[in-house]
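I set out to record what could be looked up in this structure, beginning with its pockets and then turning to its cores and helices.

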Amino acid sequence: MINIYNDDNAYYSDFGWIKTERPSARDTHGNISFTVKQENYFEMAAGPSNRSGGQWSVWEATYSPLGADGFPQPIWDQVSGEINKKVADYWKKNYDLNYILQENWEEIGPKIAGDVHVAVGDMDNYYLNEAVYLLKAAMEKMENPVSDMTFDFGPNQGHGWKGWSPADPSKALALQEWLAQLSDYMKETAPEEAEKNWIY
């Protein structure tokens, strides 16, 4: 819901005549649980300098460069929501998978073309489907090689949706089914020497 490259403020969408707080979480019916500002204020109270253990603090600890105080530099001012464009640029160059894929497709493309499947609920509780739409649009333009990525958007499905069950296509893929798929894939694609060390 926040474009850290183009937006000036993380907490509000500015429509000129009105500023509206950005939502952070919702249920699959679209009912908003809390806003970005509310969640950041909670984290600020729980632990300053990205020590709350909350989602935004975790992302800053993962993606941000260190500041002069030894803590991760915040992506935005936690009180005002004003976005730090230098930190945003660092995130982009080091962690934005969509950007990195596009910029390095000549090297990365041949290694992953046809092997990536992305599944997300179109009502992801944290709006993560929005980023997947951007990735899909970008990957559909990739050539030499063509990306051949597949994208599955689950209607009215929330966070953690992995696709439809092969046993019953009317139901969501169960965790056990997903783990079995991952296991089968690893067995099929692992180097021969790796199989010698497997425990069944």
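**Entry 1: terms.** I first fixed what a pocket is: an open set of grid points with protein on both sides within 12 Å along at least five of seven lines. Its volume is the space filled by probe spheres set on those points. I noted that the model is a predicted one.

**Entry 2: second largest pocket.** I looked up the volume of the second largest pocket and found about 440 Å³. Its lining consists of 16 residues, and Asp 115, His 117, Trp 178, Gln 181 and Leu 182 are the ones nearest its centre. Two or more lining residues come from each of β5 and α7 (175-189). I then asked which element gives the largest share of this lining. It is α7, with five residues. By residue class, I recorded eight nonpolar, five polar and three charged residues in the lining.

**Entry 3: Leu 182.** Since Leu 182 is among the residues nearest the centre of the second largest pocket, I checked it separately. Leu 182 belongs to helix α7. I asked whether Leu 182 should be called buried, partly exposed or exposed. The relative accessible area of Leu 182 is 36%; buried requires under 20% and exposed over 50%, so this residue is partly exposed.

**Entry 4: largest pocket.** I next turned to the largest pocket, which holds about 1,700 Å³ of space. I counted 38 residues in its lining, with Ile 2, Tyr 127, Leu 128, Ala 131 and Val 132 nearest the centre. At least two lining residues are supplied by each of β3 (23-26), α1 (36-46), α2 (55-63), α3 (85-95), α4 (97-103), β5 (117-121) and α6 (129-139). The lining comprises 26 nonpolar, seven polar and five charged residues. To relate one residue of each pocket lining, I looked up Ile 2 and Leu 182: they are 180 residues apart in sequence, and their C-alpha atoms are 32 Å apart in space.

**Entry 5: nonpolar cores.** I listed the 12 residues of the largest nonpolar core as Ile 4, Ala 10, Tyr 11, Tyr 12, Val 36, Trp 56, Ile 75, Trp 76, Ile 83, Val 87, Ala 88 and Trp 91. The greatest contribution to this core is that of α3, with three residues. Apart from this core lies another, of 11 residues, including Trp 105, Val 118, Met 139 and Met 142.

**Entry 6: Trp 56 and Asn 40.** I asked which residues Trp 56 touches, not counting those up to four places away in sequence. They are Ile 2, Ser 24, Val 36, Glu 39, Asn 40, Glu 43 and Trp 76. I followed up Asn 40, which lies in helix α1. The relative accessibility of Asn 40 is 3%, and this residue counts as buried. Beyond its neighbours within four places in sequence, Asn 40 is in contact with Tyr 11, Trp 56, Trp 76 and Gln 78.

**Entry 7: helix α3.** I recorded Val 87, Ala 88 and Trp 91 as the buried residues of α3. Why do I assign the buried residues of α3 to one face of the helix? Seen down the helix axis, they fall within an arc of 105 degrees, so they line one face. These buried residues of α3 pack against α2. On the face turned away from the buried side of α3, I noted the exposed residues Lys 86 and Lys 93.

**Entry 8: helix α6.** For α6, the buried residues are Asn 129, Val 132, Leu 135, Ala 138 and Met 139. I found that they pack against β3, α4, α5, β5 and β6 (150-154).

**Entry 9: Lys 111.** I located Lys 111 in helix α5 (residues 105-112). With a relative accessibility of 60%, Lys 111 counts as exposed. Lys 111 and Pro 145 are 34 residues apart in sequence, with 9.7 Å between their C-alpha atoms.

**Entry 10: the whole protein.** Finally, I looked up the overall figures. The secondary structure amounts to eight helices and six strands, and from the N terminus on the order is β-β-β-β-α-α-α-α-α-β-α-β-α-α. The C-alpha trace spans about 55 × 40 × 40 Å along its principal axes. Of the 200 residues, 30% count as buried. Among contacts with a separation of 6 or more, I recorded 51% between residues 24 or more positions apart.

Note on methods. Residues numbered from 1 in each chain as written. Predicted model: local features only at pLDDT ≥ 70, side-chain atom pairs only at ≥ 80, totals over all residues. Heavy atoms only, no water. 1 Å grid on protein atoms, 1.4 Å probe; cavity = no way out; pocket = protein on both sides within 12 Å on 5 of 7 lines; lining within 4 Å. Helix = DSSP H or I, 4+ residues; strand = E, 2+ residues; numbered from the N terminus. Nonpolar A, V, L, I, M, F, W, Y, C, P; charged D, E, K, R; others polar. Core = buried A, V, L, I, M, F, W, Y, C linked by side-chain atoms within 4.5 Å. Buried < 20%, exposed > 50% of the residue type's maximum accessible area, 1.4 Å probe, protein only. Contact = heavy atoms within 4.5 Å. Arc of directions from axis to C-beta.
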